[in-house]
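Dear colleague,

Please find below the structure that I am handing over to you. My notes on its side-chain contacts and surface follow it.

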Amino acid sequence: MAAASSSDYDGCGAESNEANSKWLDAHYDPMANVHTFSACLALADLHGDGEYKDRIDPLTLKEMLESIRETAEEPLSVQSLRFLQLELSEMEAFVNQHKSNSIKRQTVITTMTTLKKNLADEDAVSCLVLGTENKELLVLDPEAFTILAKMSLPSVPVFLEVSGQFDVEFRLAAACRNGNIYILRRDSKHPKYCIELSAQPVGLIRVHKVLVVGSTQDSLHGFTHKGKKLWTVQMPAAILTMNLLEQHSRGLQAVMAGLANGEVRIYRDKALLNVIHTPDAVTSLCFGRYGREDNTLIMTTRGGGLIIKILKRTAVFVEGGSEVGPPPAQAMKLNVPRKTRLYVDQTLREREAGTAMHRAFQTDLYLLRLRAARAYLQALESSLSPVSATAREPLKLHAVVQGLGPTFKLTLHLQNTSTARPVLGLLVCCLYNEALYSLPRAFFKVPLLVPGLNYPLETFVESLSNKGISDIIKVLVLREGQSAPLLSAHVNMPGSEGLAAA
């Protein structure tokens with residue numbers, strides 16, 4: 001049943017029809033009754049005739065492996081099957097049927113993948129990597145069915161990613177049920193690095209040297225193999241499945257993410273390349289050679305539907321939209337000037353007299369700290385700070401000057417910063433140059449200060465100079481019966497613009 005199943009738009013966000021779309025709708029069957037996951041969906045030449053058939057007979061796993069070895073020109077591993085709806089119970093039965101002293105009976109398998117033995121021997125069967133319920137990773141030889149390597153994990157693995165060759169060097173990344181990703185190498189029996197996630201993983205894909213992880217927080221994260229986070233992209237809906245899109249003709253590797261809102265988003269790093277809309281939420285994805293087409297996307301939906309789309313040979317994925325990475329200007333080279341003779345001489349001087357210059361810098365730094373400490377001590381002793389330094393009188397003062405002149409309004413904001421004790425019996429005194437200013441109210445009492453409230457105290461300042469000269473007015477907060485002020489503030493008065501204009 002062929003039908004137009006979906007539409008897509010590029011990173012610029014403009015929707016398009018099939019004529020200018022990057023994909024061709026090859027097949028859509030909403031009643032296919034195919035229920036599987038991305039880990040159980042693959043493309044392969046089962047009969048070794050160069051044709052990637054679209055149909056296989058239902059076989060058990062053991063019969064399928066035997067059939068493949070008899071008919072295929074090149075031996076294939078379990079993960080190289082096409083359209084394989086594989087239940088884990090079948091794999092467990094296959095493992096448990098082989099009586100091997102190195103494998104425990106009734107092993108429960110949680111995830112699996114394949115690992116190439118080496119690149120020199122093209123006919124060699126890929127090793128099988130199994131994650132088990134007893135928190136172990138087993139690297140098996142599928143022909144002799146012996147354990148080649150055994151690794152322990154702190155938790156049960158649910159997703160696996162492998163890179164390298166078994167006989168040379170390989171690296172394993174295992175996403176586990178405890179929300180962490182563990183990195184193991186060929187000679188390590190235990191994890192070498194650990195990536196702690198803030199939510200449970202829903203997918204793990206390796207793109208070049210970057211591990212792309214989907215989480216239950218509707219986001220994609222990029223990590224290095226040492227656990228350093230590179231980027232994060234927020235998704236508009238929950239992530240249901242993930243897989244790798246690899247276009248060999250253009251050297252493109254990207255991540256496909258199927259979302260609960262019926263979208264399939266394609267990302268290269270954190271740049272959005274393409275969005276495909278489907279009639280139902282996609283639960284499994286697979287991209288590769290199908291029939292005679294090198295770039296085919298196979299999708300199954302939550303309702304059991306089957307969607308096949310072919311990437312046009314002229315299609316080019318272009319980064320765009322609002323979710324791109326750094327701007328292109330960031331990658332432009334700066335026009336750095338050439339090194340001058342002065343720069344070279346200064347560099348040689350710093351190299352020769354580096355020790356003396358460092359000592360002089362440290363001496364100046366210590367003197368600066370000493371002067372700052374002395375000034376701070378003097379301010380505390382003479383109450384020159386606008387904030388009280390004693391716990392008995394916790395006060396804070398700041399002043400605001402308003403007006404253009406010659407008359408200014410001076411507002412003093414006094415606050416009691418204690419938690420429960422009110423303050424009573426305070427006085428405010430203003431000291432100023434009587435030849436320049438006149439204050440009708442230079443000394444007044446302060447009312448009861450309730451903790452936490454800001455009390456504005458207002459007075460007016462008259463400028464007497466007709467030359468626009470300004471000065472400082474000192475504001476002191478005193479307690480009745482004491483000569484030393486509790487705190488003080490220096491108000492820098494502005495020049496009188498009214499007199500200057502007159």
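**Findings**

The charged end of Arg 441 is placed over the ring of Phe 444, at 4.2 Å from the ring centre; the criterion is NZ of Lys or CZ of Arg within 6 Å of the ring centre and within 35 degrees of the ring normal. Please note that this is a predicted model, in which local features need pLDDT of at least 70 and side-chain atom pairs count only at pLDDT 80 or more, while totals for chains, interfaces and linings use all residues. Residues are numbered from 1 along each chain as its sequence is written, and side-chain values use heavy atoms, without hydrogens and water.

There are two aromatic pairs in the structure (rings of Phe, Tyr and Trp, the last by its six-membered ring, with centres within 6.5 Å; planes under 30 degrees apart are stacked, over 60 edge-to-face, the rest tilted). Trp 23 and Phe 287 meet edge-to-face, with 6.3 Å between centres and 90 degrees between planes. Trp 23 belongs to strand 2 (residues 23-29) and Phe 287 to strand 19 (residues 282-290), so this pair ties together parts 264 residues apart in sequence. Trp 23 also forms a tilted pair with Phe 317, at 6.4 Å and 50 degrees. Ring pairs thus join Trp 23, Phe 287 and Phe 317 into a cluster. Trp 23 and Phe 287 are both buried, as is Phe 317 (under 20% relative accessible area; exposed is over 50%, partly exposed in between, with a 1.4 Å probe and protein chains only). Strands here are DSSP runs (E, at least two residues), numbered from the N terminus.

Yours faithfully

Notes:
Helices (H or I, at least four residues) and strands (E, at least two) are DSSP runs, numbered from the N terminus.
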